[in-house]
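Visitor: Please pick one part of this protein and take a close look at it with me, along with its surroundings. I am in my first year, so please explain each term as we meet it.

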Amino acid sequence: MIRSAGANAAASHDRVTGIMDGPDCEPGMVAVSSLMPVPRYKMVILDFDGTLADSGDWFLSISDQLADRFHFRRVRPEEVEMLRGQSSREVIRYLRVPRWRLPAIGRYVHALLATQIDRISLFDGVAAMIETLAASGVRLALVTSNSQANACAILGREITDRIEHFECGASLFGKARRYRRVLRRAKLPADQVFSIGDETRDITAARKAGIGSGAVMWGYANRVALARLSPDAMFETPGEVLDLVLGRHRNPVPTA
């Protein structure tokens, strides 16, 4: 069942932020209309790649380059869909990626992406979703393995202004710790926070942190892989995210 915040969202609050990379990432205040419905949750934590940013094809386009540079298996075209049905740990094991190389791979990918920002766009409906959540009094956080500079450059100033907390550069399996840090900084109990991601590791991390988890169907992992972990909700469109968070549905969005 979906966990409910069970309390009114604050119309205004002090901004508490993580370390910012520069003025382009400075968050701004968002006016909240008193006519908006009371959201189910006070905060939504968003993943970035595959949830907000349509970066899957870009990552796939550099997979051979990464494999050759860091000495793991190349992904054959016929393997792509199969790998989408695997957990992150299973993918790493299948491709024989040395675990000790993961931090270096991440740094390399982030540096390369910084030179090709123009190749990444947001999924349709994501900008409007963020705007509506913020206007409804829902506080927003971004937790991602990507760098903050890349995330801010792709999101743009108007969207980053809506985000209160940035936890970027998380290790591949270190999101649970980042979620807990957001909870501490936001001074919110876990049952008032909901996370949204596109991978199995996002669901696992949310569960470890004690917060609700929603999985989007437009990202990297496929429906079968996500449903296997029984997230609290699965979303076909950004509009369904709004339906749940803003309490437009009486019943939980089904996970299968």
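Guide: Here is a walk that starts at one helix and moves out to other parts of the chain. This is a predicted model, where local features need pLDDT of at least 70 and side-chain atom pairs count only at pLDDT 80 or more, while totals for chains, interfaces and linings use all residues. Residues are numbered from 1 along each chain as its sequence is written, and side-chain values use heavy atoms, leaving out hydrogens and water.

Our part is helix α10, residues 200-209. It belongs to a protein chain with 12 helices and six strands (DSSP runs numbered from the N terminus: helices are H or I with at least four residues, strands are E with at least two). Seven of the 10 residues of α10 are buried, so this helix is largely enclosed by the rest of the structure. Buried means under 20% relative accessible area, exposed over 50%, and partly exposed in between (1.4 Å probe, protein chains only). The buried residues of α10 are T200, R201, D202, I203, A205, A206 and A209. In the chain overall, buried residues make up 54% of the 256 residues.

What do the buried residues of α10 pack against? Their partners are the helices α4, α9 and α11 (223-227), together with the strands β4 (193-197) and β5 (212-216). Packing here rests on contact, which means heavy atoms within 4.5 Å. Right after the helix comes G210, whose phi is positive, near 80°.

Now look at R201, one of the buried residues of α10. Its side chain meets that of E199 in a salt bridge, at 3.4 Å from N to O. A salt bridge is a side-chain nitrogen of Lys or Arg within 4 Å of a carboxyl oxygen of Asp or Glu. Both R201 and E199 are buried. Elsewhere, salt bridges that share partners link R73, R76, E78 and E79 into one network. Within this network, E79 and R76 are joined by a salt bridge of 3.2 Å, N to O. E79 is buried, with a relative accessible area of 3%, whereas R76 is partly exposed at 40%. E81 also forms a salt bridge, this time with R84, and their closest N and O atoms are 3.1 Å apart. E81 and R84 are separated by about one helical turn, because they are three residues apart in helix α3 (residues 80-84). In total, the structure holds 16 salt bridges.

Let us return to the surroundings of α10 and step out to the surface. R89, R93, R99, R180, R184 and K208 gather there in a patch of positive charge. The elements giving two or more residues to this patch are α4 (88-95) and α9 (175-186), and both of these helices also pack against the buried residues of α10. Patch members have over 30% relative accessible area and no salt bridge; like charges are joined within 9 Å, and nonpolar side chains (Val, Leu, Ile, Met, Phe, Trp, Tyr) within 5 Å. Lys and Arg count as positive and Asp and Glu as negative, without His or the chain ends, and a charge is placed at NZ of Lys, CZ of Arg, CG of Asp or CD of Glu. Accessible areas come from the Shrake-Rupley method with a 1.4 Å probe; for residues, only the protein chains shown count as cover. R184 lies in helix α9 and counts as exposed, at 56% relative accessibility.

Follow the chain on to K187, in the loop between α9 and β4. K187 has a positive phi of about 60°, although it is not a glycine. Most residues other than glycine have a negative phi. K187 is exposed, with a relative accessible area of 74%. Another residue of this kind is S230, whose phi is near 50°, a positive value in a residue other than glycine. S230 sits in the loop between α11 and β6 (233-235), and at 46% relative accessibility it counts as partly exposed.

For a companion view, try helix α6 (residues 126-135), where V126, M129, I130, L133, A134 and A135 are buried. They pack against β1 (43-46), β2 (139-143), α8 (157-160) and α12 (238-245). G137, which follows α6, has a positive phi, near 90°.
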